[in-house]
Amino acid sequence: MKNLILISVLAVIGLTNAKLQCTIPYMEDTNVVEWKTFDGDCLTEMETQIQMEFNASMTYLSLGAYFSRDTINRPGFAKFFFDAAGEEREHGIKLIEYLSMRGNLNVDNLIDRKKLLAEGQTIAIISPLDALKKALEKEISVTKSIRKVIKACEAGQNDYHLVDYLTGVYLEEQHEGQRDLAGKISTLSKIVKEKGELGEFLYDKTLL
């Protein structure tokens, strides 16, 4: 009797579930692509820019690791470059998120692994002043690359949304960063000229 009741209950549950199920066919061959409005050259330059952001991050990460060595021991410069590495990485992630929002994210085109590894190679011997100069050169190249993206995206379909995003957010941060590096180079140059390594040691403390 118990078995009969159990079978009846299971049958009712099965019928109920069958009635409640709703099958929605998955549309693999959808033709709704009008929202993916990236121009070809604009997309290519954006992918190149993402590579540059991560390459810059690896360069700063290497510099931060270099100044963290016990034989170098410049914690202020180490912190400065580790922070810079994080900022560049964040920029790259934001651009990836933008491509995802626009429906044009192709992971295989984002990272030049060979170049990324080359940028991440250990720095041999470099002074803090030369490191700042290297960083400024890197930032200038990143800024030029952003301008190249803007130029490519203004042509063709004139992607004003992306151009406004890059101009209003990224270029301003780049100009501020370049000005900050140029100021640090000027100050450190004067201190080292007057105080030598002692001046470099004292300036390092101001970066903590």
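These are numbered notes on a predicted model of a single chain, covering its helices, salt bridges, surface patches and backbone angles.

1. Overall make-up. The secondary structure of the chain comes to 7 helices and 0 strands. Read from the N terminus, the order of elements is α-α-α-α-α-α-α. The chain has 208 residues, of which 36% count as buried.

2. Helix α2. This helix covers residues 40–68, which is 29 residues. At 1.5 Å a residue the expected span is 42 Å, and the end C-alpha atoms are 43 Å apart, so the two values agree. As for its surroundings, 21 of the 29 residues of α2 are buried, so the helix is largely enclosed by the rest of the structure.

3. Helix α3. The same check can be made here. The 27 residues of α3 should span 39 Å at 1.5 Å a residue, and the distance between the end C-alpha atoms is 39 Å, which agrees. The helix runs over residues 75–101.

4. Salt bridges within α3. The structure holds 5 salt bridges, and two of them are described in this point. D83 and K79 meet through their side chains at 3.0 Å, N to O. These two residues of α3 are 4 residues apart, so about one helical turn separates them. D83 has 39% relative accessibility and counts as partly exposed; K79, also at 39%, is partly exposed as well. Further along the chain, the side chains of K94 and E90 form a salt bridge at 3.6 Å, N to O. K94 and E90 both lie in α3, again 4 residues apart, or about one turn of the helix. K94 is partly exposed with a relative accessible area of 29%, and E90 is partly exposed at 40%.

5. A salt bridge between loops. D159 and R102 are joined by their side chains at 2.8 Å, N to O. This pair links distant parts of the chain, 57 residues apart: D159 sits in the loop between α5 (128–154) and α6, and R102 in the loop between α3 and α4 (113–119). Are the two partners buried or exposed? D159 has a relative accessible area of 11%; the cut-off for buried is under 20%, so D159 is buried. R102 falls under the same cut-off with 10%, and is therefore buried too.

6. Negative surface patch. E87, E172, E173 and E176 gather on the surface in a patch of negative charge. Which helix gives the most to this patch? Helix α6, residues 160–195, does so with 3 residues. E173 is one of the residues placed in α6, and its relative accessible area of 35% makes E173 partly exposed.

7. Nonpolar surface patch. L198, F201 and L202 form a nonpolar patch on the surface, and together they have about 280 Å² of accessible area. F201 belongs to helix α7, residues 197–206. With 36% relative accessibility, F201 counts as partly exposed.

8. Positive phi in residues other than glycine. N73 is one such residue, with phi near 55 degrees. It lies in the loop between α2 and α3 and is partly exposed, with a relative accessible area of 48%. N158 is another, with a positive phi near 55 degrees. N158 lies in the loop between α5 and α6, the loop that also holds D159 of the salt bridge to R102. The relative accessible area of N158 is 40%, which means that this residue is partly exposed, whereas D159 is buried at 11%.

9. Positive phi at G103. Just after α3, G103 takes a positive phi of about 75 degrees. R102, the partner of D159 in the salt bridge of point 5, lies in the loop between α3 and α4.

Definitions and conventions: Residues numbered from 1 in each chain as written. Predicted model: local features only at pLDDT ≥ 70, side-chain atom pairs only at ≥ 80, totals over all residues. Heavy atoms only, no water. Expected span 1.5 Å × (residues − 1). Buried < 20%, exposed > 50% of the residue type's maximum accessible area, 1.4 Å probe, protein only. Patch = residues over 30% accessible without salt bridge, like charges linked within 9 Å, V, L, I, M, F, W, Y side chains within 5 Å. Areas by Shrake-Rupley, 256 points an atom, 1.4 Å probe, with all protein chains shown as cover. Salt bridge = Lys/Arg side-chain N within 4 Å of Asp/Glu carboxyl O. Lys, Arg positive; Asp, Glu negative; His and termini not counted. Charge placed at Lys NZ, Arg CZ, Asp CG, Glu CD.
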